[in-house]
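Me: Could you take me slowly through one part of this structure, beginning with a single side chain and then working outwards to what surrounds it? I am new to this, so please explain each step with care.

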Amino acid sequence: MNIIFFNIALFMYFIASVHCAIALLKTSTTITRTLTIMTIIGFLSHTAAIVTRYIEAGHIPITNLHEATSFFSWSIVFVFLIIETRYRIGLLGPFILPVAFIFMFSSSMLPKEIKPLLPALESFWLGIHVVFAFLGDASFAIAFSVGIMYLLQERQLKRKKIGSLFKRMPSLEVLDEINYRVISIGFPLLTIGIITGSIWADTAWGSYWNWDPKEVWSLITWIIYALIIHARLRAGWRGRKAAILSIIGFMSVLFTFLGVNLILKGLHVFD
C-alpha cells in the first residue's frame, strides 16, 4: 500500500514541477492554483505513504536511502507549505518544488524492500534525531531557493531589465528577511538533531562522538550556518552575501546527506 501512495505522490510532484516551469514563463492564476492543488494532493499522498510504510515496517521509515530521500523530499514540501502559508511568496514553488521532486524521483529508483531493523537502530532516539535533522535540512533547502531568487532579482535590477518575473518576485528586502528567518528556524532544529544523535550514539556505540564522516560533516554544516547567523548579527552581512552563504550552506547539507553515504564509509552509511 505504501508504494501506491508513494507513486501517487511522485506523479503529483511531477505535475506540480511541470507547472512550476510554466509559472516561471507566464503569469496565470490557473497555473498557480493547479500547482498548489497538485502539491497539496502530493503531500497528503506522501504522508499516507510514510504512515502506511511505518505500519508495515513497524518502525519509522528512515532507515535506508530510499526511505531517507523520500523523507527529505516530504520535509522540504512540508516546510515549503508552512512558509508559503505564512508569507504567500507565490513564486517560491517553482524554485523549491523541483528540488523536492528530484529527491522523490531519486528515491523511486532505489530498492524499496523493507528490511529488519539493525540492532543499533532499535532506539527511541532514531525518530527524534532524524526527524529534527531533516526538518533543519529542509529549512536550509528553502533558504537555498530564496537565496537563488535573491540573486536573480538583484541581477535583473542591476541590468535594469524589469520583466514579469521581477514583478512577481518579492523585493530584495523581503527575500533577505525570509532567508534569515528560515535559517533561524533550521539552525536550532539541526542543533537538536546533532545533540539527540550524540545521546543516541552513546547508547548505541558507547561514545557521544566518534568522528564518523557523517558526524564530521554534520559539524561542518552546523559551523557554516552558525557563521551565517553570527555574520548577520555581528558583522551585518545581509543581502547578496547572505544569499551566497545560504547556497554554500546547502551544498554542505547535500554532501553530508548524499556525498558521505555514497563516497565515504562510516557508521551512518545506509544499506
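Reply: A good place to begin is Ser73, which lies in helix α3; please keep in mind throughout that this is a predicted model. Is Ser73 buried or exposed? Because its relative accessible area is 0%, and a residue counts as buried when that value is under 20%, Ser73 is buried. If we leave aside residues up to four places away in sequence, Ser73 touches Tyr13, His46, Ala100, Phe103 and Met104.

Helix α3 also holds Ser75, and this serine can be treated by the same reasoning. Ser75 has a relative accessibility of 0%, so it counts as buried. When residues up to four places away in sequence are not counted, Ser75 touches Phe134, Leu135 and Ala138.

Two of the partners of Ser73, namely Tyr13 and Met104, lead us on to a meeting of two other helices, since Tyr13 belongs to the α1 side and Met104 to the α4 side of the contact between α1 and α4. Before looking at that contact, it helps to know that two packed helices are described by the angle between their axes and the distance between the axes. For α1 and helix α4, which covers residues 92-108, the angle is about 150° and the axes are 9 Å apart. The crossing in which α1 passes α4 is left-handed. On the side of α1, the residues that take part include Phe6, Ala9, Leu10, Tyr13 and Phe14, and on the side of α4 they include Gly93, Pro94, Phe95, Leu97 and Met104. Sorted by class, this contact has 16 nonpolar residues and four polar ones, with no charged residues.

From here we can turn to the empty space inside the model. Rolling a probe the size of a water molecule over the atoms shows where empty space is left. The structure holds two cavities of 30 Å³ or more, and the largest of them contains about 90 Å³ of space. Which residues form the lining of the largest cavity? They are Asn2, Phe6, Ala49, Ile50, Arg53, Pro61, His66, Glu67, Ser70 and Phe71. Three elements give two or more residues each to this lining, namely α1 (2-25), α2 (29-57) and α3 (65-87). Helix α3, where we began with Ser73, gives the most to the lining of the largest cavity, with four residues. By class, the lining of the largest cavity has five nonpolar, three polar and two charged residues. Phe6 deserves a second look, since this residue takes part in the contact of α1 with α4 and is also found in the lining of the largest cavity.

Helix α3 appears once more when we come to the second largest pocket, whose volume is about 380 Å³. This pocket is lined by 20 residues, and the closest to its centre are Thr32, Thr36, Glu84, Gly90 and Leu91. The elements that give two or more residues to the lining of this pocket are α2, α3 and α4. Here it is α2 that gives the most, with six residues, whereas in the largest cavity that place belongs to α3. The lining of the second largest pocket has eight nonpolar, eight polar and four charged residues.

To finish, we can set another part of the chain beside this one. The second largest cavity has a volume of about 60 Å³, and the residues that line it include Asn179, Tyr180, Ile183, Arg232 and Trp237. The elements that give two or more residues to its lining are α7 (172-205) and α8 (213-234). By class, that lining has six nonpolar residues, one polar residue and one charged residue. Helix α7 also holds Ile178, which has a relative accessible area of 2% and is therefore buried. Apart from residues up to four places away in sequence, Ile178 touches Tyr87, Ile89 and Val146.

In the loop between α7 and α8 lies Trp211, which stands in contrast to the buried residues above, because at 60% relative accessibility Trp211 counts as exposed. Its phi is near 55°, a positive value in a residue other than glycine. As background, most residues other than glycine have a negative phi.

Terms used. Residues are numbered from 1 along each chain as its sequence is written. This is a predicted model: local features need pLDDT of at least 70, side-chain atom pairs count only at pLDDT 80 or more; totals for chains, interfaces and linings use all residues. Side-chain values use heavy atoms; hydrogens and water are left out. On a 1 Å grid over the protein atoms alone, a cavity is a set of points where a 1.4 Å probe fits but cannot get out, and a pocket is an open set with protein on both sides within 12 Å along at least five of seven lines; lining residues have an atom within 4 Å of a point. Grid points are joined across faces, edges and corners, and a volume is the space filled by probe spheres set on the points. Ala, Val, Leu, Ile, Met, Phe, Trp, Tyr, Cys and Pro count as nonpolar, Asp, Glu, Lys and Arg as charged, and the others, Gly among them, as polar. Buried means under 20% relative accessible area, exposed over 50%, partly exposed in between (1.4 Å probe, protein chains only). Contact means heavy atoms within 4.5 Å. Axes are lines fitted to C-alpha atoms, for helices over the stretch in contact, and angles run from 0 to 180 degrees between N-to-C directions. A crossing is left-handed if the near helix is turned anticlockwise from the far one by less than a right angle, and right-handed if clockwise.
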